[in-house]
Each structure stands twice: as structure tokens, then as C-alpha cells.
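Me: I request a close look at a single part of this structure. Please give the account as one connected description, with each term explained where it appears.

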Amino acid sequence: MHAGKILCIDDEEVGLPVRKLMLESEGFEVAVATNSKAALDLCGKFSFDLILLDYSMPGMNGGEVAQATRLLHPQIPIVLLSAYLTLPEEHTQILDGHVTKGESTEALLALIRKLIQREADDPDSKERRTA
Amino acid sequence: MTTSQQVFRRQIRRLILVPLGILLLIAALLEVQVRRLASAQNWVDHTDVVLAQARLLLRLMIDQETGLRGFVLTHDERFLQPYYAADLALPKVFNQLRSTVADNPEQLERIAGVHQNYDQWHAYSQDVISRAKKNNPTVGSVPVGLAGKQMMDELRTRQQDFVEHEEELKRLPVRRSSSAGRAVTWTLLGLVFAFILLLLIQTRQNIRSVDAEYATILNNLQKRTAELRESRERLQVTLRSIGDAVIVTDAEGRITFLNPVAERLTQFSQERANGKPLEEVFRIIDEETWAPAENPFVKVMRLGTIVGLANHTALVREDGTQISIDDSGAPIRSEDGQVFGVVLVFRDVTEQKEMLKVLRMNEKLAAAGRLSVSIAHEIHNPLETIGNLLYLIRKQGGGNLDELIGMGEQELTRVVQITKNMLSLYRESQREVPTKLGEVVDAVSVILQRSIRDKQITLSTSILTEARISAFPAEMRQVVSNLLSNAIDAVEKGGHIEVEVEDAPFKDSQPGVALLVRDNGCGISKPNLSKIFKPFFTTKGENGTGLGLWITQGIVSKIGGYIEVTSETATENHGTTFKVVFPKLRPDIHS
């Protein structure tokens, strides 16, 4: 049973595959992208239940990727996973969640599940986000 | 001034010339008088000659009569000897007398009369003599007495008349000259009196005009003195009110003036400091070494120009406390360029220096803050991975455990590496140590790697020398980090930054090491270029403290280096290059 399809975007060489392993072990189907361009391409080809985004990346930063995907796929919840403690407000306000890296794996999983569940329970939220 | 001089000259001329004229007049009068007296004397001498001749004439005639009488009475011819002698002398005497009084016709006439009478008497006397010789020796029968006596009396009367006239003539010039003398005396007295009067009047006039002139001059002088005093007071007030301390010395370096700020800073009052050598009141030392600093008076006199004090100068006050000062000295020159004193202006910069210290500390803290953000970021990444790994390990309890643990170790090593870098960046060395710029550049690049990657910046680093410089490593990291961070901020996304460390000539062709940070950012405008090293100047808004370059320059100049900036804002070749050159450490000092 698939708990959901997650697109994981990060440029961390070790961090990204480990995160993929961890999420897969929890039953999620995980696609990874190491840069924003590849991420946007994947978003166009497949549908995801959630996007897990790193903030600091070469090219576009996480906030910018979030803005771009929000425009194309407004229904997908976006969680920012960042090593930064504070981020620009114009980026955080369009997010569905923000988790600081290294905080706690359990907390991250709980947030992901909550958001995917909400999406399934309340399809209206899609319109809410597009509005 | 010239008009009053003319007036003075005119008065002095009058004062001298008028009395001189009067004196000359008096001299001329005296000369006339002397001449007159001399001529009167001549005249008297002349009449004396005439009178003497007349008396001789009379005596000769009396001699003849006496001789005649003796002969008549005695018929002794010997009695006639004086008679004949006089006969011989008389014509000569008559002639002499006539020629002597030739200028006086009246007397000539009288002499002619006398001569005539004498001729009569002579004829009579000849007759008597011849008759007496015939009647010899009848003595006394010849009637000689009466007729002869009458003739002789007449002769004497005439003779007397002549003499009286001549004596009258003798008295005349004496009377005349004495009356003239009186006149001259009176005139002289009058002149002297007039002279004195004139002198009095003139002196009075002169005194009056001199007095007036003097009053004018005095008035002007007083006015000028008042103006001088006023300007002096104004200057004094200015100097007293000035916010900086001012000390003035004479040409020997002795204090002549101290304003209240200087009094407060040195703790010497004007009264006590007055006349003291400058170095007694203004004791200055090098703040860092405590070595006595050069007396600014001596320095000014030596260089003859305005001089600033060396940096880090402290004033030792009378109670021994020290204050940091910033000062300058300047020679005071007279109009002809002679230096007759030195003026020293200084101010207490203790607070300012304290403030700068705080500012530097602030910038250090800000830098530490910026750095800690990037370090936190770097650490959170591996920590997150380790967290995920631990989660997986606990969950799996088997399977590919080794692989997971290996990944975990890798990430932990990363954390340790980051912490090490961070520690080395903040480890403060207590003294300057031989430092390789290349190593500093590498360490800082690691720290800033994330920002460089985020902006997709191409950073090319070329370390072309292993030469060392003497520096505090932490400060060098701050310099490199400031310059590199600025370059990162300056370039657009995808920009280029080149960092080079190479051997380069230092000032005076000494060997040096250069650090070049070159970016292709937007460049620095000309007006900004002059401000970039000033504190609080920033183009980064709230993201910058405006202290980075200021501190960088402080660090660089502290160890004897210098910074050159070239920047271009034109579209085709915009970019900025910071070139920092340090003196190279000589190989023998290395080890």
C-alpha cells in the first residue's frame, strides 16, 4: 500500500538518498531531484501528493521552486525542509509546512502524513490554495 | 601721517630759521658798531697827532722867544742856540701840521693865521737880534719886551684857538660814537627783546600745533590700541571657546597660552603653565610602547610646517593618568616669515577610540553571527541525515546496517570538519605568527562555499606562492572573508570570482605578497569608491554593518600592508578588484 507519492528535492549527496530510504521504509513512493529544473520536469510528468523541498540549492532556492510549483500544481502540499532557522516571509507564507533539518525524523513524518491525509479528506483545500 | 610730518618739518624750520635771521641781524649790527668804534678811534688818534704837532710847534716858538729874551738880556749868543734850532725845525713842523689837517680847511686857515703871526714875530725877532748885535753890549736898551710880547700873545691865542678846535674835533667823534653806541645797544636790546618775544610767540604757536598734532596722534594710537585689544580679546575668546585644546608657545618652546580645554586635559592652569617648557606640561607618549613621543614643538621647528602627531599618542596628565589624543602643531610666522612660536591643537579621543573598539567588536560579533548561520546550516544537513539513519537503523534492526552506519560516520566526520573549521576561524592568536595567505583563502572558501554554490558563482582560486606574512590568522581570515563575501554579494547569479595569492613587489620594491579578489559584479561608482573604507558606509542596506572594509583596512594597515581598489561600472567590463599587499616575511624569520 502506498502512503503517498513524494517528490524530494535536495542537493545533498548523502542526505538525499538517506532521506529517500527513510521515506520508502515508511511506505512512501519517493522520487528525487537534485536541482530545481529536474524537480519541475518531474512535477510536469508525474503527479505527487507532496513536495519535500530543501531551501538552499544551486540555481533557484527552495522558496523560488515552491513559488513555481505552486503556480503549476497548486493542489500539491509543499513542505520546506531547511537547515536555516529563519527564512524570508514571502517564501514561508506559501508553504504548507516548514521543518528545520535535523530537528526530528518523527516530527517530519508526522507533518507529511497530516498534510497528505488533509489533502485526501478535504479536496476543497485545492481551491483554497489556488484562490 | 605724511601731512603731520610736513607740519612738523615746517614748524621745525620756522623754529630754527627765524631766530637764526635775528641772530644774523644782531651780528651785523655789532659789526657796524665795531667798525664805527674803530673809525672813531682812528679819528682820535689823528687829532692826537695834530695836537702833538701843535704843541711841538708852540714849544719851538716858546723856545725861540726864551732864547731871544736870554740873548737880549745877556748878549750872549749861546742863548740863541735854541732859537736857531727852532728856526730849522719850525718850517718842517708847520708843513707836517698842514699836511695832517689838510682835510680840515678851517684848521688850515687857523694854521695859516698862526704862521702869519709867527712870520711877523720872526721878522721882529730878527730885527731885535741884529739890533742887539749892533748895540752890543748895551743890554736892555733894545725895546724887545712889549712889542714881542704882544705878538707872542697873539700868536699863542691863535695857537690856542687851533688847539682848542682840534680838541673839540677830538671830542666830537667820541661823543658821536658813544651816542651811536647807545643807539646800537638799544637796537640790540630791542632786537633781543623782539627775538625773545618772537621765540615766545612761536614756541607757543608751535607747542599749540604740536600739542594738537600730538593729541591727534595720541587719539589715533588710542583708537588703534583699542582695536588691537578688541581683536586680541576676540581671538582670546575664540581660542578659549574652541572645543579643542590649544597651547601656544614662544620661539623657545615656552608656553605662553593655554585655553581652558588644554587646562582641563593637561591639568595645568594658565598661570602655572606660563613660561614652562612645553614638554613639562604636554608630556606625550606612544600609547602602545609607552616610549616618549617627539616633542611637537621640536618637530614643528625642525620641519617648519604643520605636523600631525603619530597615531596612538597619549597625553600623560599631571596626575599621571593618560588620555588618547589626536593633535597637530603649526608654526606661527611673522609677516616676514620668521617663526616666533608654535600653536598646538589637540583633542581627547579616548572616547572615540573606545567607541571604535566597540564598533570593531560589534563587527566581529556581526561576522560571527553571519558565520554561525552558515555553520548552523552546514551542520544541520549532516545532522538531519544522521537522524534519518538512526531512525532507519532502529526500525530495520538488520539488513544493510553496515552501509547505513558507514553513511552515518561519513556525516559525522563532516560535522567534525565543519566544527574544526569554525574553531580555527575563531581561535585567537596572542601574537603575529607566520601565516600562509593561501591556507587562509582555502579555509574561508570552505566556509563560504554554500553561498558561492547557491549563487552558482564560479570561484577560481590560484595560490601562486607559499610565502608567509606576519599576521594574526584570525584577522587574516576576517580580511579574506570580508573581501570574498563582498565579491559574492557584488556578483549576479552565475558570476565569476577570482582569488589569487602571488608574490608582488611591496612599497620601495621590497618583497611582498599580494591577495587579489576580482569579481565581475556591478562595480563601485566613483563617488562611492571614496567612501567604501569609511565606517558605516554600506550599499547592502540592513544586511550590512558598513564596517567590513573599514575593519579590513584597519587590520591590513596595522601589519604594514595596503589596499588598492580598481573598479569599473561600464556594461562591457564591469567588476571590482581588491588588491591587498603585505610585506613578505623573510625566510630566516620563518621556522
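Reply: The account below follows one sheet and a helix beside it in chain A. This is a predicted model, in which local features need pLDDT of at least 70, side-chain atom pairs count only at pLDDT 80 or more, and totals for chains, interfaces and linings use all residues. Residues are numbered from 1 along each chain as its sequence is written, while chains are lettered from A and ligands numbered from 1 in the order in which they are written.

The sheet in chain A is open and has 5 strands, arranged in the order E2-E1-E3-E4-E5 with parallel pairing. (Strands, E, of at least two residues, and helices, H or I, of at least four, are DSSP runs numbered from the N terminus; two strands pair if DSSP finds at least two bridges between them.) At the edges of the sheet stand strand E2 (28-33) and strand E5 (97-100) of chain A; each has a single partner strand, so one side of each is left without a neighbour in the sheet. From one strand to the next, the twist averages 20°. (Such angles, from 0 to 180 degrees, are taken between N-to-C directions of axes, which are lines fitted to C-alpha atoms, for helices over the stretch in contact.)

At the E5(A) edge, the partner is strand E4 (residues 78-82) of chain A, which pairs with E5(A) in the parallel sense over 4 bridges. Within this pairing, Leu81(A) stands opposite Val99(A) in E5(A).

Toward the E2(A) edge, helix H1 (residues 15-25) of chain A lies across strand E1 (4-9) and E2 of chain A. Helix H1(A) runs at about 165° to E2(A). (Residues are in contact if their C-beta atoms, placed from the backbone, lie within 7 Å.)

Definitions and conventions. Contact = placed C-beta atoms within 7 Å.
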